[in-house]
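Let's take a friendly walk through this protein together. Keep the sequence and the 3D view open as you read.

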Amino acid sequence: MRTRLAIAAAGLLVAGPAAGHPGHSNAEKQPPWQASSEWPDRLITTITEDPATSFSVSWRTDSSVGEAIAQIALATADARFDLNVLETKKAKTEHVRLDMIPGPDGPVHILENHGLPPAHYHSHTFEGLEPDTLYAWRVRGARGRWSPWRQLRTAPREGPVQFLFFGDAQTAIRSHITRTFDAASLEAPRARFAIHGGDLVNTAMYDKEWAEWFGALGRTHQMIPSVLVAGNHDYVNFDRDEEDPKLFAVENKTVAPVWRPQFALPVEPDVPKALRETVYDVRYHEGLHLFVLDSSGVDFDGQLRWLEGRIVASDARWKLLTMHHALHANVAGNEHPAHLERREALLATMERTKIDLVVTGHRHSYQRGVYGSEVARFAAGDQQAVDTVFIITASSTKRGQTKPEVWDAYTEDLKGAVKLSRHGDNTPIYAVFDLDGDTLTYRAMDPTGALYDGFTLRKRDGVKILIDDPVVETEPRTRANTGLYIGWDDLR
């Protein structure tokens, strides 16, 4: 039975005309860090198709600001570096209603946002820049309402690069996830960009959750660009077939209506319009190519065809795929039938392309696995030949529990071609990657600064050799041997 959603992700969607809209205005209850004003807020820099010569910046103001401005200068040691501004440009501006989103049958009203005024979302892409060069930038809301100057270094054409990955933030973002983002900025001060693997918030329509997410990011993400992945909680599903478990196939769904206004991401012309700014690729420099899929979006088979074409055409030494849903993972329940179909299709694509890394979220635990015909064979020093490494992380307080026996079943089904190497529960984890020529070093860190997992991956003569960090010999963290866990999705 197909039903129209009146409640989505715990909340408060009502279809119908605004005139009969019930409820108390939430504008009176919003905290001061949520409200928009004439001043720029929710600033974020995002990745472009060519990070060596460009980067994008997005910000928000109230709807009284009709013309916003972006400005850039070389970041020199001069006290008044700003006297040599390179560019002052009018930004692109989008008017967004927060209390209503368009639905397939007309407007859908968001009770959680009832009474919140519209906002203006602004964005600009700085282009024609020099590689590996430090720039200062700022943006303006109303006249005289400028942000601070921030600094960002463009990508190098080659050489070492460090970057971060964060799995689901989703819950308790302001109260708990802030410390994970803060810890990462201290642990990896040389990071050049950060990937956020989807489920940035829990309920994509709620403005308060986006306010929490931007606040938790802090200033770091104004200084390094973000690569953003759409997760299922970043989508709005308008209907659901209760008799069909293949919820991936729901047609009446859309990425959060604020996704494109608040993030300026690469627009890929060779994918359907519904997937633009959620499916894209970035050649970061000569050695690293990033590919982003929308595993919550439409036409996954078409996405895989696009992916394979791009991977085959790339001559980058390292190729990293990120999406939200994990390829090999099962936390508590049985594998979703639609997920099984997608897993098999993606495995076939990987077999043909030998992609190096698949980095995802969704499962709310830490899991690291390997894939390849030689993964069951070890040489001296625990060196292991692999084709692909899978990494799953989550920052959220919403924690799942790993089922190693499911990986054992994967191993049996695939005749030893896949193996679970390390897992951990009840522990927020973020990932740090250091890439230098033919060597990739990986660290999985908890918010206290402790190393939980790590490996070195070397690629020579077409063969990838993985060497585990000795820390993987320690006992995995589980619910049984860690502190008290209480699940509370809306923790603040």
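**Starting from a strand**

A good place to begin is Leu-43, which is found in strand S4, covering residues 41–46. Please bear in mind that you are looking at a predicted model. Is Leu-43 buried or exposed? Leu-43 has a relative accessible area of 10%, and because the cut-off for buried is under 20%, Leu-43 counts as buried.

What does Leu-43 touch, if residues up to four places away in sequence are not counted? The list holds Ser-58, Trp-59, Trp-137, Val-139, Ser-147, Phe-214 and Gln-222. You can also pick out Gly-218: this residue is 175 residues apart from Leu-43 in sequence, yet the two C-alpha atoms are 9.3 Å apart in space.

Now step back to the whole protein chain. Among contacts between residues at least 6 apart in sequence, 72% join residues at least 24 apart. The chain contains 6 helices and 32 strands. Of its 492 residues, 56% are buried.

Next, find the hairpin that joins S9 to S10 through 2 residues. Strand S9 takes in residues 100–103 and strand S10 residues 106–110; the two run antiparallel, with 4 bridges between them. Within this pairing, Pro-102 stands opposite Pro-107 in S10.

Just beside this hairpin in your tour comes Asp-99, located in the loop between strand S8 (92–96) and S9. Is this charged residue buried or exposed? Asp-99 has a relative accessible area of 18%, so with the limit for buried set at under 20%, Asp-99 is buried. Its side chain makes a polar contact with the side chain of Arg-97, at 3.1 Å. Leaving out residues up to four places away in sequence, Asp-99 touches Val-108, His-109 and Ile-110, along with Asn-113 and His-114.

Finally, turn to the empty spaces inside the model. Rolling a probe the size of a water molecule over the atoms reveals where empty space remains. How many cavities of 30 Å³ or more are there? The count is 5, and the largest cavity has a volume of about 100 Å³. Its lining is made up of 16 residues, and the closest to its centre are Leu-98, Asn-113, Ala-204, Met-205 and Val-258. You have already met Asn-113 as one of the residues that Asp-99 touches. Sorted by class, the lining of this largest cavity has 11 nonpolar, 2 polar and 3 charged residues.

Note on methods:
Residues are numbered from 1 along each chain as its sequence is written. This is a predicted model: local features need pLDDT of at least 70, side-chain atom pairs count only at pLDDT 80 or more; totals for chains, interfaces and linings use all residues. Side-chain values use heavy atoms; hydrogens and water are left out. Two strands pair if DSSP finds at least two bridges between them. On a 1 Å grid over the protein atoms alone, a cavity is a set of points where a 1.4 Å probe fits but cannot get out, and a pocket is an open set with protein on both sides within 12 Å along at least five of seven lines; lining residues have an atom within 4 Å of a point. Grid points are joined across faces, edges and corners, and a volume is the space filled by probe spheres set on the points. Ala, Val, Leu, Ile, Met, Phe, Trp, Tyr, Cys and Pro count as nonpolar, Asp, Glu, Lys and Arg as charged, and the others, Gly among them, as polar. Buried means under 20% relative accessible area, exposed over 50%, partly exposed in between (1.4 Å probe, protein chains only). A polar contact is a pair of N or O atoms within 3.5 Å; within protein, one must be able to donate a hydrogen and the other to accept it, and residues adjacent in sequence count only if both atoms are side-chain atoms. Contact means heavy atoms within 4.5 Å.
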